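Load the model in your viewer and show the chain as a cartoon. The stops below say what to select and what is there.

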Amino acid sequence: MPQLPPPPAPGEGATTDDVVAWVARHLGDLTLEGPDGVRAGGLRGGQPAADAALAQVDVRGYARSRSQVLPRSRQGATRMSPYVRHGLVLLPDLWDAVADAPAPDRRKYRDELLWQEYARHLYARVGPALGRDLRRAQPRTPQPWTEPWPREMACLDHVVGALQDDGWLVNQTRMWLASQWAVRAGHDWWRGEDEMFTHLLDGSRAANRLGWQWTVGTGSGKPYGFSRWQVEKRAPGLCRACPLADRCPIQDWPDATAGPAADGPDLGSGPVPAGPAEPEGAGGEVVWLTAESLGDSDPALAADPARPAVFVFDEPLLARLRLSGKRLVFLAETLGELAATRPVEVRRGDVVAELDDRPLAATWTPVPGWARRERRLQVVEQHPWPWLVRPRPSSVRSFSAWRKGSGR
């Protein structure tokens, strides 16, 4: 596949519309919406945007307001997750950024960062098995709903609209959608996880799948119940304006208990793949970038600021996933900004075919797809992943068990 031109860089005067047009032209046929439907999401990509967001992080009141949905002005969530997911902000740096916050807020926010790290450890350990029931089968309802997210309900219309338009949700509403889809409506949880993953700017299989498994009870053994009570508490006003206010289908808690034990992967004490602790090898002529490693602080990039980099839009993968165009706009904004500071090749095709026979430098990445490709490529120089907590043999059966084993 011929090399693509670098995406327009917002820092050099390009507008969001310019980046949308680039994605529509070069990648639009791979998106959910098609070339004519590509739109930007609610957050901008790129290192400058990530740096600005990090500089403004303020978690005072986070412990009290992190689950607030409406009004948006009262939301305590920091919206840093898309930058963390793509390596534009590293978890250790975000951990340090809140060091001076009030103790209750600092603890609660750092708990959330540790949850993200736990998700990465779990995914590194079990890989694609995270897409299957981990500990319990999904609860089943005797009368599944025809539509798992009916838009005539004001709460679901608001949340699904935000997911599809902005590509970002507070954690509270992610739990609403997961519980509604699987626990109450009775649809397969992994199909709902796919639907959410399609749109989320921070979409990662590690965090998204873990969130769904915890919410529906397949990972925790305790299904989370979504009902009108949460909406009235976290999003005042939605219920009053709902056309179903007097016949609310989620008035009461869903009648759900944990399913039977599942034949899932071994989650007991054992090794978690961690990659090298120090750089290994040398001689990489170009840095292989992935969606997890697009920030200036990526170890392979930082090792030689003058060394060129290459990113491949994985055509077979994208053709199968059909991600929303807003996710690719976020990536294109990020690559455009990076290409303004160093040589960056942007390609489209099969990753292995596009990078074959090239001596590569790369940052080891806790993603199964990275490992599969790395074995078929010439990664002659490998850099450590910037863990918040470097893995050691431990149980990943639950967050509390993992945390105890990690020493955090």
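Which residues does V20 touch, not counting residues up to four places away in sequence? Select V20 together with V38, R39, A40 and V329, which are the residues V20 touches; contact means heavy atoms within 4.5 Å. This is a predicted model, in which local features need pLDDT of at least 70 and side-chain atom pairs count only at pLDDT 80 or more, while totals for chains, interfaces and linings use all residues. Residues are numbered from 1 along each chain as its sequence is written, and side-chain values use heavy atoms, with hydrogens and water left out.

**Stop 1: around V20**

V20 is found in helix α1. Helices (H or I, at least four residues) and strands (E, at least two) are DSSP runs, numbered from the N terminus. V20 counts as buried because its relative accessibility is 14%; buried means under 20% relative accessible area, exposed over 50%, and partly exposed in between (1.4 Å probe, protein chains only). Now select residues 16-26, the whole of α1, and colour its buried residues: V19, V20, W22, V23, A24 and H26. The cover over these buried residues includes β3 (309-314), α14 (325-339) and β4 (344-349). For a distance check, pick the C-alpha atoms of V20 and R322: they are 16 Å apart in space and 302 residues apart in sequence.

**Stop 2: D314**

Move to strand β3, where D314 is found. Is D314 buried or exposed? D314 counts as buried, because its relative accessibility is 11%. Leaving out residues up to four places away in sequence, D314 touches G349, V351 and R373. Its C-alpha atom is 37 Å from that of M153, and the two residues are 161 apart along the chain.

**Stop 3: α7 against α8**

Select helix α7 (residues 154-166) and helix α8 (residues 171-184), which pack at an angle of about 110 degrees with their axes 10 Å apart. Axes are lines fitted to C-alpha atoms, for helices over the stretch in contact, and angles run from 0 to 180 degrees between N-to-C directions. The angle makes α7 roughly perpendicular to α8; angles under 35 degrees count as roughly parallel, over 145 as roughly antiparallel, 65 to 115 as roughly perpendicular and the rest as oblique. Show side chains for L156, V159, V160 and L163 of α7 and for T173, W176, L177 and Q180 of α8, which make the contact. By class, these residues are six nonpolar, two polar and no charged. Ala, Val, Leu, Ile, Met, Phe, Trp, Tyr, Cys and Pro count as nonpolar, Asp, Glu, Lys and Arg as charged, and the others, Gly among them, as polar.

**Stop 4: α8 against α10**

Keep α8 and add helix α10 (residues 205-216); the axes come within 9 Å and cross at roughly 60 degrees. The two helices are therefore oblique to each other. On the α8 side, select M175, L177, A178, S179, W181, A182 and V183, which meet W212, W214, T215 and V216 in α10. This contact has nine nonpolar, two polar and no charged residues.

**Last stop: the whole chain**

Zoom out to the full protein, with its 17 helices and six strands. Of its 408 residues, 57% count as buried. The C-alpha atoms fill a box of roughly 65 × 50 × 45 Å, taken along the principal axes.
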